[in-house]
Amino acid sequence: MTSGNEEAVITLKPEIEDLVAPEAWPRQSVGDPTGSSSFPKVLRRRLDRFFADQKLSPKADRTMWVKIAAGLAVLAGSWIALYAWKPGSWKFVALYVLSGLAQTFLLLNIAHDSNHNAISSVPSVNKILNYVFDVCGINSYMWRILHHRGHHSCINVHGEDDALTGRSIFRFTPHEPRSALHRFQHIYALFFYAMFSLDYVFVRDFESFFFPSHDYLKRDRHPLREYFILFAGKAFYLTYMLILPVVVLGRSPLLVAGAFVLVHLIIGLTVSLVFQTTHTVDTTYFPSNRSEFDNGVYHIFATTADYATSNPVVGWLTGGLNHHIAHHLCPFVCHTHYAPLTRIVKETAEEFGVPYRQHPTMTRAIWHHLILLKQLGNEN
């Protein structure tokens with residue numbers, strides 16, 4: 001654990017250049033004409049001061065290391081149990097699904113933080129833990145690129161924010177053309193969200209490497225080793241998830257395939273809803289371009305919403321992503337610190353008259369996401 005004011009403040013500087021939009025002063029009024037221009041500076045100073053005053057490292061604390069150990073133990077334990085006990089069909093499915101729940105937990109709690117270098121000040125530790133993505137069938141290198149360049153630096157900007165990619169199935173912003181199909185998107189949304197992780201495992205990663213749609217992917221020359229890791233990671237994942245249970249345990253291919261799909265329906269639906277409810281709800285804003293706000297802090301507040309921030313269970317399970325404004329303000333900070341940071345965010349926003357968007361429960365956040373989809377499906 002790091003201590004000392006100087007080191008804590010230094011650590012709070014972003015470690016990746018384009019995590020948030022460039023900071024400057026806002027063009028738009030936010031309700032406090034006499035003092036609004038100081039809001040970003042005051043907020044940043046208070047967030048920095050929290051770690052300095054508490055003599056805390058912004059990186060992983062004891063709680064985070066317990067979460068890492070618990071998540072990895074459940075994932076490894078479920079597979080050890082499968083091969084040690086060689087259970088019957090129903091117990092096999094139960095243990096297989098347990099491993100899927102562990103993967104969901106690891107993706108939200110460990111992989112996402114390591115992707116932001118938020119777990120350790122030692123880069124190699126974050127890099128190793130970031131391979132949790134690959135263990136779960138998703139290429140960690142491509143996720144990192146898409147998440148940083150295609151989301152954090154251009155939140156809710158049509159054509160740039162990768163999280164708004166609807167593949168013509170969804171209309172996520174008012175700037176996107178509407179089709180007749182979109183009238184029903186609030187009805188079929190949950191079904192397609194459940195396919196999210198299957199899409200990443202079998203389509204999205206390969207598409208991003210070999211048939212990129214974003215300009216920054218077309219310009220990038222990916223290191224040769226990342227192509228090797230892409231194919232090796234997919235082979236490893238499909239081998240332990242699909243091939244070995246059939247070959248070693250003698251389980252029916254149909255049973256294993258069914259359990260595999262069930263696991264991905266759980267992962268896909270859970271991860272999709274955790275993220276979609278933070279930016280695409282009926283109260284968030286969709287800028288026409290990334291420079292619409294002169295200050296990245298105002299961009300974050302306009303495009304991002306929190307939910308269930310007073311529920312520690314939700315925070316534990318979702319990797320603190322329900323504290324999403326704090327995450328975008330401090331993406332390089334471990335999520336186990338988000339709760340007190342959110343209190344600072346709320347108090348400072350109220351003090352300066354800056355709108356703070358939140359929903360009391362995750363259920364309400366999901367409801368307001370579906371309301372937005374219905375609105376966008378019926379409006380030109």
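Mentor: Contact means heavy atoms within 4.5 Å. This is a predicted model, where local features need pLDDT of at least 70, side-chain atom pairs count only at pLDDT 80 or more, and totals for chains, interfaces and linings use all residues. Residues are numbered from 1 along each chain as its sequence is written, and side-chain values use heavy atoms, leaving out hydrogens and water.

Trainee: OK, how are H4 and H7 oriented to each other?

Mentor: Helix H4 covers residues 89-115 and helix H7 covers residues 140-152 (helices, H or I of at least four residues, and strands, E of at least two, are DSSP runs numbered from the N terminus). Their axes, lines fitted to C-alpha atoms over the stretch in contact with angles from 0 to 180 degrees between N-to-C directions, are 10 Å apart and make an angle of about 70°. Since 65 to 115 degrees is the range for this class, H4 and H7 are therefore roughly perpendicular.

Trainee: And which residues of H7 does H4 meet?

Mentor: On the H4 side, look at His112, Ser114 and Asn115. The residues of this contact divide into 1 nonpolar, 5 polar and 1 charged (Ala, Val, Leu, Ile, Met, Phe, Trp, Tyr, Cys and Pro are nonpolar, Asp, Glu, Lys and Arg charged, the others, Gly among them, polar). The partners in H7 are Trp143, Arg144, His147 and His148.

Trainee: At which residue does H9 bend?

Mentor: Check the length of helix H9 (residues 196-210) before anything else: its 15 residues should span 21 Å, at 1.5 Å times one less than the residue count. The end C-alpha atoms sit 19 Å apart, which agrees. Even so, H9 bends by about 45° (the angle between axes fitted to the seven residues ending at a residue and the seven starting there), and the bend is at Val203.

Trainee: Which helices help cover the buried residues of H9?

Mentor: The buried residues of H9 include Leu198, Tyr200, Arg204, Asp205 and Phe209 (buried is under 20% relative accessible area, exposed over 50%, partly exposed in between, with a 1.4 Å probe and protein chains only). Their cover includes H7, H10, H11 and H12.

Trainee: How many charged residues are in the contact of H9 with H12?

Mentor: The two axes come within 6 Å and cross at roughly 110°, making H9 roughly perpendicular to H12. H9 brings Phe196, Ser197, Leu198, Val201 and Phe202, while H12 brings Phe260, His264, Ile267, Gly268, Val271 and Ser272. By class there are 7 nonpolar and 4 polar residues, and the number of charged ones is none.

Trainee: Where is the kink in H11 centred?

Mentor: The 24 residues of H11 should span 34 Å, and its end C-alpha atoms are 32 Å apart, which agrees. Among its buried residues are Glu226, Lys234, Tyr237 and Tyr240. The kink is about 45° and is centred on Thr239.

Trainee: Is Ser168 buried or exposed?

Mentor: Ser168 is in the loop between H7 and H8, with a positive phi near 70°. Most residues other than glycine have a negative phi. At 58% relative accessibility, Ser168 counts as exposed.

Trainee: And what is the relative accessible area of Ala308?

Mentor: Ala308 also has a positive phi, near 50°, and is found in the loop between strand S1 and helix H14. Ala308 is buried, with a relative accessible area of 3%.

Trainee: Last one: what distance separates the C-alpha atoms of Gly258 and Thr363?

Mentor: Gly258 lies in H12 and counts as partly exposed at 38% relative accessibility. Gly258 and Thr363 are 105 residues apart along the chain, and their C-alpha atoms are separated by 28 Å.

How values were computed:
Parallel < 35°, antiparallel > 145°, perpendicular 65-115°, else oblique.
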